[in-house]
Amino acid sequence: VGVKEFWGLEFKVSPDVLIPRPDSELLVEQALDLFTHKKPGTILDLGTGSGALLLSALSEFPDANGIGIDASSKALEMAAINAGQLNLAARAEFQLLDWTITNWEASIPGSFDLILANPPYVSTNAKLSVDVADFEPHHALFAGADGLNDYKIILPTLHKLLSPKGTALLEIGFDQQESVSTIAIDNGYVVECKQDLGGNDRLLILTQ
């Protein structure tokens, strides 16, 4: 239908972006809980897609500015359209960037109080429903046989992007809490896990 509601906002979507899921609203919800007093001034969204996470967060933190990165230029076009329709274009910047490239993080200016990430985390061996397998962009879904390829890239470099007292919120698969937490802990983070509405592990909160 070309549109999807997320966090009470309407987002334009296309075959080039992952359709925002209600479970991902947990990242915005936790950001609000964590930044009750001192609000984030800078927000980074890794793998922004339609811009749903970044723009939802910016709608809640009116003094913040944010950057959304994605390896898909068509996804970024959609994110920019959504930023304009939500009157957030002045505070949202979108950058074409592929984190599989060496030193990818060096292209991102500054450090960030809040980092949001919903990277691909589905195993290439997973059996998916037809509505997902046939209609969602595979580059936004699959991350190797164990579904961890993108976490293994992002987590070792996150400290270069996160401000000293910043927080990173990572969406994970329901069975990935232990494996992704191990990678995070090995890279010096304190990790807390939160569950989604279905009671499944869905979100890791990372601090340095």
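**Around Ser72, the sheet and its cores**

Ser72 sits in the loop that links E4 to helix H3 (73–85). In this predicted model, Ser72 has a relative accessibility of 12%, so it counts as buried, the cut-off being under 20%. The side chain of Ser72 has a polar atom 3.1 Å from the backbone nitrogen of Ala75. Asp16 is 56 residues away from Ser72 in sequence, yet the two C-alpha atoms are 7.9 Å apart in space.

E4 itself belongs to an open sheet of seven strands with mixed pairing, and the order runs E5-E4-E3-E6-E7-E9-E8. Strand E5 (92–96) and strand E8 (190–195) are the edges, each with a pairing partner on one side only. Direction ignored, neighbouring strands here are turned against each other by 20 degrees on average. At the E8 edge, the link to strand E9 (residues 201–207) is antiparallel and made through six bridges. In one of these, Val191 has Leu206 of E9 as its bridge partner.

Now for the helices that lie across these strands. Helix H2 (residues 52–60) lies across strand E3 (42–46), strand E4 (65–70), E5 and strand E6 (112–117), and runs at about 160 degrees to E5. Over at E8 and E9, it is helix H6 (residues 177–186) that lies across the strands, running at about 10 degrees to E9.

As for the nonpolar packing, the largest core holds 27 residues. Leu44, Leu46, Ile69, Ile115, Leu155, Leu158 and Leu206 are the residues with the most contacts inside it. At least two residues of this core come from each of E3, E4, E6, helix H5 (149–157), strand E7 (162–171), H6 and E9. Leu155 gives a good look at who meets whom: leaving aside neighbours within four places in sequence, Leu155 is in contact with Leu170, Val180, Ile183, Ala184, Asn187, Tyr189 and Leu206. Leu206, then, turns up both as a contact of Leu155 and as the bridge partner of Val191. Apart from this core lies another, of 25 residues, including Leu55, Ala64, Leu114 and Leu116.

Last come the aromatic rings. Searching the whole structure turns up three aromatic pairs. One of them brings together Phe6 and Phe11: the ring centres are 6.3 Å apart and the planes stand at 75 degrees, so the pair is edge-to-face. Both partners are tucked away from the surface by the numbers: Phe6 counts as buried because its relative accessibility is 1%, and Phe11 counts as buried because its value is 0%.

Conventions
Residues numbered from 1 in each chain as written. Predicted model: local features only at pLDDT ≥ 70, side-chain atom pairs only at ≥ 80, totals over all residues. Heavy atoms only, no water. Pairing = 2+ DSSP bridges. Helix = DSSP H or I, 4+ residues; strand = E, 2+ residues; numbered from the N terminus. Axes fitted to C-alpha atoms, helices over the stretch in contact; angles between N-to-C directions. Contact = heavy atoms within 4.5 Å. Core = buried A, V, L, I, M, F, W, Y, C linked by side-chain atoms within 4.5 Å. Buried < 20%, exposed > 50% of the residue type's maximum accessible area, 1.4 Å probe, protein only. Phe/Tyr/Trp six-rings, centres within 6.5 Å; stacked < 30°, edge-to-face > 60°. Polar contact = N/O pair within 3.5 Å; in protein donor to acceptor, adjacent residues only side chain to side chain.
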